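Dear colleague,

Please find below the sequence and the structure that I am handing over to you. My findings follow directly after them.

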Amino acid sequence: MITVLLVDDHPVVRDGLRGMLNAEPDIDVVGEAGSGAEAVVMARSLRPAVVLMDLRMPGGDGATATGQILAELRDTHVVVLTTYDTDADILRAVEAGAAGYLLKDATRAELTAAVRAASRGETVLAPSVAGRLIRQVRGGPAQQQLSAREVEVLGLVAQGSTNADIGRQLHISEATVKTHLLRAFAKLEVSDRTAAVTTAMARGLL
């Protein structure tokens with residue numbers, strides 16, 4: 001069972017998400033929080049597999065809470081679910097170690113797939129968000145190249161390693177692994193691990 005903590009300052013949004021997710025046989029919403037600060041406290045107590053995190057909330061923003069949660073709970077993954085897709089918001093969430101970034105216009109199928117993927121340590125981006133990350137890393141041929149670390153991380157993904165496995169092997173945090181992956185996704189113009197590996201192989205990078 002995939003345990004989920006919902007974080008959003010609008011009760012009606014949490015109600016809708018809870019009903020949608022609890023209808024799935026393998027997902028269980030175990031708690032709700034209305035602010036980033038409350039999310040950190042509840043995550044410590046509940047230790048959910050996945051946190052669905054809004055970004056802009058009174059009483060503590062989602063990006064800061066994401067960083068705090070991931071620094072303390074190695075087995076918890078955060079998926080940002082927000083109305084906002086500005087470059088600054090996306091980069092803050094990615095740098096905090098979020099496993100995914102979805103917009104609130106996501107379908108039920110997209111949302112539940114993202115929760116399941118995050119619980120496996122995978123990374124999920126809404127297509128429009130992937131596009132913005134691509135624009136962030138563009139700026140010249142040198143910036144288009146994958147870094148040595150990004151190639152190393154993708155090579156381990158190709159071998160079937162999870163983010164946690166990669167972190168242990170490379171002696172870096174799981175949040176850092178996710179950041180490398182998201183930057184590689186942007187450079188390769190893809191939105192998931194499988195496509196990243198396939199594209200990197202096709203380009204002779206792996």
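The largest pocket in this predicted model holds about 210 Å³ of space. Its lining is made up of 13 residues, and those closest to the centre of the pocket are A117, E122, T123, V124 and D192. Three elements each give two or more residues to this lining: α5 (108-119), β6 (124-125) and α11 (193-202). The largest share comes from α5, which supplies four residues. Sorted by class, the lining of the largest pocket has six nonpolar, four charged and three polar residues.

Helix α11 also deserves attention for its packing against another helix. Two packed helices are described by the angle between their axes and the distance between the axes. How do α10 and α11 cross, and at what angle? The axes of α10 (residues 174-188) and α11 come within 10 Å, and the crossing angle is roughly 55°. An angle from 35 to 65 degrees counts as oblique, and α10 and α11 are therefore oblique to each other. Their crossing is left-handed.

Which residues make this contact? On the side of α10 they are L181, F185 and L188, while α11 contributes R193, A196, T199 and A200. By class, the contact of α10 with α11 has five nonpolar residues, together with one polar and one charged residue.

In the structure, you may wish to begin with the lining of the largest pocket, to which α11 gives two or more residues, and then turn to the contact that α11 makes with α10.

With kind regards

Note on methods:
Residues numbered from 1 in each chain as written. Predicted model: local features only at pLDDT ≥ 70, side-chain atom pairs only at ≥ 80, totals over all residues. Heavy atoms only, no water. 1 Å grid on protein atoms, 1.4 Å probe; cavity = no way out; pocket = protein on both sides within 12 Å on 5 of 7 lines; lining within 4 Å. Points joined across faces, edges and corners; volume = space filled by probe spheres on them. Nonpolar A, V, L, I, M, F, W, Y, C, P; charged D, E, K, R; others polar. Axes fitted to C-alpha atoms, helices over the stretch in contact; angles between N-to-C directions. Parallel < 35°, antiparallel > 145°, perpendicular 65-115°, else oblique. Left-handed = near helix turned anticlockwise from the far one by under 90°. Contact = heavy atoms within 4.5 Å.
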